[in-house]
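Q: Please take a close look at one residue and its surroundings in this model. I would like the contacts described together rather than as a list.

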Amino acid sequence: IYETLVGRVPFQGEHLGDVLRRVTVETAARLRTIDARVPEDLERIVLKCLRKKPKDRYQTARALMEDLARFVGGDAVDA
């Protein structure tokens, strides 16, 4: 979703080891700093998917789907 919205992956590197290190220690750039047209609620949903601790991410695909549905419907999101 991140790449679809802003045209790049959240973590880049010259080789796989570099990318994996960044995934584990760095925080992804906020989407709105790359493209201000990304809606804030959608940014929150995407960034929740990328949180480091599993307990801080969506616990199921259904929970993610339901938050995306709320976003599309114009309702408040849980993220």
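The answer below follows R32 and its partners, then turns to a few other places.

A: The model is predicted. R32 is part of helix α3, which covers residues 31-34. Its relative accessible area is 31%; R32 is therefore partly exposed, since that class lies between the buried limit of 20% and the exposed limit of 50%.

Beyond four places in sequence, the residues that R32 contacts are V38, P39, E40 and E43. Two of these partners also take part in polar contacts with R32. From its side chain, R32 comes to 2.6 Å from the backbone oxygen of V38. The backbone nitrogen of R32, in turn, is 2.8 Å from a polar side-chain atom of E43. With V6, which is 26 residues away in sequence, R32 has a C-alpha to C-alpha distance of 8.7 Å.

E43 belongs to helix α4, residues 40-49. E43 counts as buried because its relative accessibility is 1%, which is under 20%. Leaving out residues up to four places away in sequence, E43 touches R30, L31, R32 and V38. V38 is thus a contact of R32 and of E43.

Elsewhere, the charged end of K48 lies over the ring of Y58, at 4.5 Å from the ring centre. The number of aromatic pairs is zero, with ring centres required to lie within 6.5 Å.

Helix α5 holds 12 residues, 61-72, and at 1.5 Å a residue it should span 16 Å; its end C-alpha atoms are 16 Å apart, so the two agree. After α5 comes G74, with a positive phi near 80°.

Key. Residues numbered from 1 in each chain as written. Predicted model: local features only at pLDDT ≥ 70, side-chain atom pairs only at ≥ 80, totals over all residues. Heavy atoms only, no water. Helix = DSSP H or I, 4+ residues; strand = E, 2+ residues; numbered from the N terminus. Buried < 20%, exposed > 50% of the residue type's maximum accessible area, 1.4 Å probe, protein only. Contact = heavy atoms within 4.5 Å. Polar contact = N/O pair within 3.5 Å; in protein donor to acceptor, adjacent residues only side chain to side chain. Expected span 1.5 Å × (residues − 1). Phe/Tyr/Trp six-rings, centres within 6.5 Å; stacked < 30°, edge-to-face > 60°. Lys NZ or Arg CZ within 6 Å of the ring centre and 35° of its normal.
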